[in-house]
Amino acid sequence: MLSNKINFFCPNCSSDKYIGKTTIGKNYKDEPYKNVTSEIQCAKCFMDIPSIISENISPDKQNEMSKLWNEIYNHHIKKMLHNVKMF
Ligand SMILES: [Zn+2]
């Protein structure tokens, strides 16, 4: 079991359990994720969440981060579908 080194909040499923933090391999080209350098993987939904919207989020910011995550996530899904069509 990991210790609580990171104050984690999953904007996807609201879990506070995480698997680990990784330096990002992908390259986000869109704001507000241009400067994201690490992601934290949720232990419940297994999503990789950019650390800026999942680390040290104060309770009053959690709704905001969830909203932000949904926007970004949906955006990425659309992009992926778009890329599939391109093939
Ligand atoms: Zn989660």
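Here a colleague and a modeller talk through a predicted model of a protein chain.

Colleague: Happy to look at this with you! Which element of the protein chain has the highest mean pLDDT, and which the lowest?

Modeller: Good place to start, since this is a predicted model. Over the protein chain the mean pLDDT is 83, with 77% of residues at 70 or more. Among the elements, the highest mean, 93, belongs to β2, and the lowest, 80, to helix α1 (residues 62-86).

Colleague: Thanks. What pattern does the protein chain follow along the sequence?

Modeller: The protein chain contains three strands and one helix. Read along the sequence, the pattern is β-β-β-α.

Colleague: And which strands are the edge strands of the sheet?

Modeller: The sheet is open, and its three strands run in the order β1-β2-β3 with antiparallel pairing. Pairing on one side only marks the edge strands, and these are β1 (18-23) and β3 (48-50).

Colleague: Nice. Which residue of β2 is the bridge partner of Y18?

Modeller: β1 pairs with β2 (residues 38-42) in the antiparallel sense, over five bridges. Within that pairing, the bridge partner of Y18 in β2 is C42.

Colleague: Which residues form the largest nonpolar core?

Modeller: Of the 87 residues in the protein chain, 17% count as buried. In soluble globular proteins, nonpolar side chains tend to be buried together. Here the largest nonpolar core has nine residues: F8, F9, C10, Y18, I40, C42, I49, I53 and M65.

Colleague: M65 catches my eye there. Leaving aside neighbours within four places in sequence, which residues is M65 in contact with?

Modeller: M65 belongs to the largest nonpolar core, and so do F9 and I53. With neighbours within four places in sequence left aside, the contacts of M65 are F9, P11, I53 and I57.

Colleague: Let's turn to the backbone. Does S14 count as buried or exposed, and why?

Modeller: S14 lies in the segment before β1 and has a positive phi of about 70° although it is not a glycine. The cut-off for an exposed residue is 12 or fewer C-beta neighbours within 10 Å. Because S14 has 12 such neighbours inside 10 Å, it counts as exposed.

Colleague: Last one, with thanks for your patience. Is F46 buried or exposed, and why?

Modeller: You will find F46 in the loop between β2 and β3. Its phi is near 65°, a positive value in a residue other than glycine. Because F46 has 11 C-beta neighbours inside 10 Å, it counts as exposed.

Definitions and conventions. Residues are numbered from 1 along each chain as its sequence is written. A nonpolar core is a set of buried Ala, Val, Leu, Ile, Met, Phe, Trp, Tyr and Cys residues joined through C-beta atoms within 7 Å. A residue is buried if 20 or more other C-beta atoms lie within 10 Å of its own, exposed if 12 or fewer, and partly exposed in between; C-beta atoms are placed from the backbone. Two residues are in contact if their C-beta atoms, placed from the backbone, lie within 7 Å. Two strands pair if DSSP finds at least two bridges between them. Helices (H or I, at least four residues) and strands (E, at least two) are DSSP runs, numbered from the N terminus. pLDDT is the predictor's confidence in each residue, from 0 to 100.
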